[in-house]
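Reader: I would like a close look at a single part of this model. Please keep it brisk and connected.

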Amino acid sequence: MGKELHRREFLKGAVSIAATLTLGKAEAAEVPRRSFTELGKVRTRPLSGDGITRLLDGVGLNRPSGISVFKDLNARILDNTEALRLSQEYVLPLQALPITTNYLALLESRKVPARFLDEVHAFNRLHNPNYRIQNPNAVRPGQMVWIPDWNTGFYDTPEERALEAREVMSGIPYPKLKTALEQEKNRGQKLRGIALILDPGHGGEDPGARPIALDGMKQEVTVSEAVVVHDVSLRLMRLAMREQAEVFLTHFSKTMGILDERGRFPTWVPNDTYNIGRGGNPDISIDDQDRSLRTRELIAGGLVRGRKLNLKKTAFVSIHMNSLPPDMDPNKEVYTHRTDTDTLFANAFAKNMGARRRLKGLGVLRGNPVTNNCLVELLNMANSRRSWILRDPSQRERLAKELMDGLVSTARQGIL
Ligand SMILES: [Zn+2]
């Protein structure tokens with residue numbers, strides 16, 4: 001209630017200020033990358049590779065509420081897509097206003113409580129390229145100050161921030177990754193209405209298989225299954241989201257992301273992975289292997305209950321690489337636990353991927369709450385030729401595509 005009132009006043013104030021500000025134009029036009037083409041509004045042009053998240057990161061307002069204000073402000077330009085166009089200017093969720101008398105009067109004119117003085121000052125020092133104020137209590141009039149929009153979450157109390165963080169944890173885990181991927185979302189429809197829970201095998205304290213491979217100089221290198229399957233899982237997530245699937249991960253590494261650097265294996269960092277449900281679920285990154293498998297099931301269960309995924313077509317896919325004797329080179333394998341319904345999905349998925357279907361009561365599938373569940377072994381990492389080519393991101397992308405094609409065909413048959 002109080003917040004809504006503030007908001008209306010904030011917006012109303014914006015109109016009158018903009019009307020009185022025709023003189024500061026020349027000064028404001030010098031801002032690199034940003035130009036105040038309309039006074040009061042701060043506009044920016046994305047650079048190559050920028051998405052909404054990165055633009056907002058640049059001004060420290062990348063929180064879910066900041067993103068939604070950005071979308072509101074730019075609704076007409078964004079249309080239905082979240083992709084940004086390079087030549088387009090976008091309005092940031094903040095305003096540039098000159099100090100006419102003193103700092104507190106400026107804040108007051110925006111209905112920003114005086115206690116935010118230090119925060120607004122710190123925000124400007126960090127993000128506003130034209131800001132020269134050293135001491136906010138002794139300011140000469142004329143400086144342009146950036147004031148974040150009321151609804152970006154900038155003025156939230158610590159309790160409100162914690163609440164938003166909790167909502168993010170339960171609703172959209174790994175928000176930055178998901179927001180970034182969502183920007184390329186609306187491209188196809190092939191997995192519309194389908195939810196996927198992807199389980200990158202291993203992670204945290206558990207590196208998975210660690211075979212030795214020979215690099216291009218015939219030097220021995222140790223390769224870690226956890227790192228490779230994490231990358232493949234994120235690639236599959238990206239492909240599936242482009243086709244409208246709702247995708248969840250059982251865990252996610254903040255430091256690894258999708259690794260596009262060529263020619264080098266991503267390195268495994270022990271305990272790097274964090275559990276998406278830190279608030280409620282145990283953390284797989286410190287659990288031993290058995291508990292870690294059970295935890296994945298718990299996380300899947302939490303998603304099924306919390307997001308009502310049992311009402312949707314949902315599949316759980318655990319992604320692994322085999323570690324067999326090096327000369328064994330089987331095709332992909334799809335494992336499933338033995339119940340009639342899983343076998344239906346796993347059979348079709350395996351067939352559509354050209355994989356062998358195998359039956360085994362594997363830990364992560366035994367008590368899994370998602371009916372359509374399976375574990376995929378993509379290739380034999382102990383085969384050094386096989387594992388070494390995985391340092392090439394396009395090879396990992398190829399594996400993700402094969403999984404994706406299998407899912408799409410299975411969905412098309414109505415089995416998923
Ligand atoms: Zn494995």
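Which residues in the largest nonpolar core touch the most other members? Please take that core and the sheet beside it as the part to describe.

Author: A caution comes before the answer. This is a predicted model. The mean pLDDT of the protein chain is 77, and 75% of its residues reach 70 or more. Confidence peaks in helix H15 (residues 393–412), with a mean of 95. It is lowest in strand S1 (residues 34–35), at a mean of 31. Residues 1–38 have a pLDDT below 50. Beyond near neighbours in sequence, that stretch still has 41 contacts in the model. Residues 167–173 also fall below 50, and the stretch has 11 contacts beyond near neighbours in sequence. Where pLDDT is low, the predicted coordinates should not be read in detail.

Now the core. The largest nonpolar core has 66 residues, and Leu196 and Ala240 touch the most other members. Helix H10 gives the most to this core, with 11 residues. A second, separate core holds 26 residues, including Leu97 and Met144.

Take Ala240. Leaving out residues up to four places away in sequence, Ala240 touches Leu191, Leu196, Ala245, Val247, Met404 and Leu407. So the two residues named for the core touch each other, since Leu196 is on the list for Ala240.

Take Leu196 next. Val247 in S8 is its bridge partner. Val247 is also among the residues that Ala240 touches. S5 and S8 run parallel and are joined by 4 bridges.

These strands belong to an open sheet. There are 6 strands in the order S8-S5-S11-S14-S12-S13, and the pairing is mixed. Strand S8 (246–249) and strand S13 (356–359) are the edge strands, each pairing on one side only. From one strand to the next, the twist averages 25°.

Move one strand inward from S5 to S11 in that order. Strand S5 (residues 194–200) and S11 run parallel, with 7 bridges between them. Ile194 stands opposite Lys313 of S11 in this pairing. On its other side, S11 pairs with strand S14 (residues 372–380), again in the parallel sense, over 7 bridges. There Asn322 stands opposite Asn380 of S14. Strand S11 (residues 313–322) is mostly covered, with 9 of its 10 residues buried. In a regular strand the side chains alternate between the two faces of the sheet.

What lies across these strands? Helix H10 (residues 225–242) lies across S5, S8, S11 and S14. The helix runs at about 150° to S11. This is the helix that gives the most residues to the largest core.

Follow the chain out of H10. Gln244 lies in the loop between H10 and S8. Its phi is near 75°, a positive value in a residue other than glycine. Gln244 is partly exposed, with 16 other C-beta atoms within 10 Å. The loop thus sits between the helix and an edge strand of the sheet.

Three places outside this part are worth a glance for comparison. Lys111 also has a positive phi, about 65°, although it is not a glycine. Lys111 is in the loop between helix H6 (103–109) and helix H7 (117–127). Lys111 is partly exposed, with 15 other C-beta atoms within 10 Å.

Helix H4 (residues 64–73) is the next place. Its buried residues are Gly66, Ile67, Val69 and Phe70. They cover an arc of only 165° around the axis, which puts them on the same side of H4. An α-helix has 3.6 residues a turn, so residues three or four places apart point the same way.

Then Arg54, in helix H3 (residues 52–58). Arg54 is partly exposed, with 17 other C-beta atoms within 10 Å. Its C-alpha atom is separated by 8.3 Å from that of Ala180, and the two residues are 126 residues apart along the chain.

Last, the whole chain as a setting. The protein chain has 15 helices and 14 strands. Buried residues make up 41% of its 416 residues. Among contacts with a separation of 6 or more, 72% join residues 24 or more positions apart.

Note on methods:
Residues are numbered from 1 along each chain as its sequence is written. This is a predicted model: local features need pLDDT of at least 70, side-chain atom pairs count only at pLDDT 80 or more; totals for chains, interfaces and linings use all residues. A residue is buried if 20 or more other C-beta atoms lie within 10 Å of its own, exposed if 12 or fewer, and partly exposed in between; C-beta atoms are placed from the backbone. Helices (H or I, at least four residues) and strands (E, at least two) are DSSP runs, numbered from the N terminus. Two strands pair if DSSP finds at least two bridges between them. Two residues are in contact if their C-beta atoms, placed from the backbone, lie within 7 Å. Axes are lines fitted to C-alpha atoms, for helices over the stretch in contact, and angles run from 0 to 180 degrees between N-to-C directions. The arc is that of the directions from the helix axis to the C-beta atoms. A nonpolar core is a set of buried Ala, Val, Leu, Ile, Met, Phe, Trp, Tyr and Cys residues joined through C-beta atoms within 7 Å. pLDDT is the predictor's confidence in each residue, from 0 to 100.
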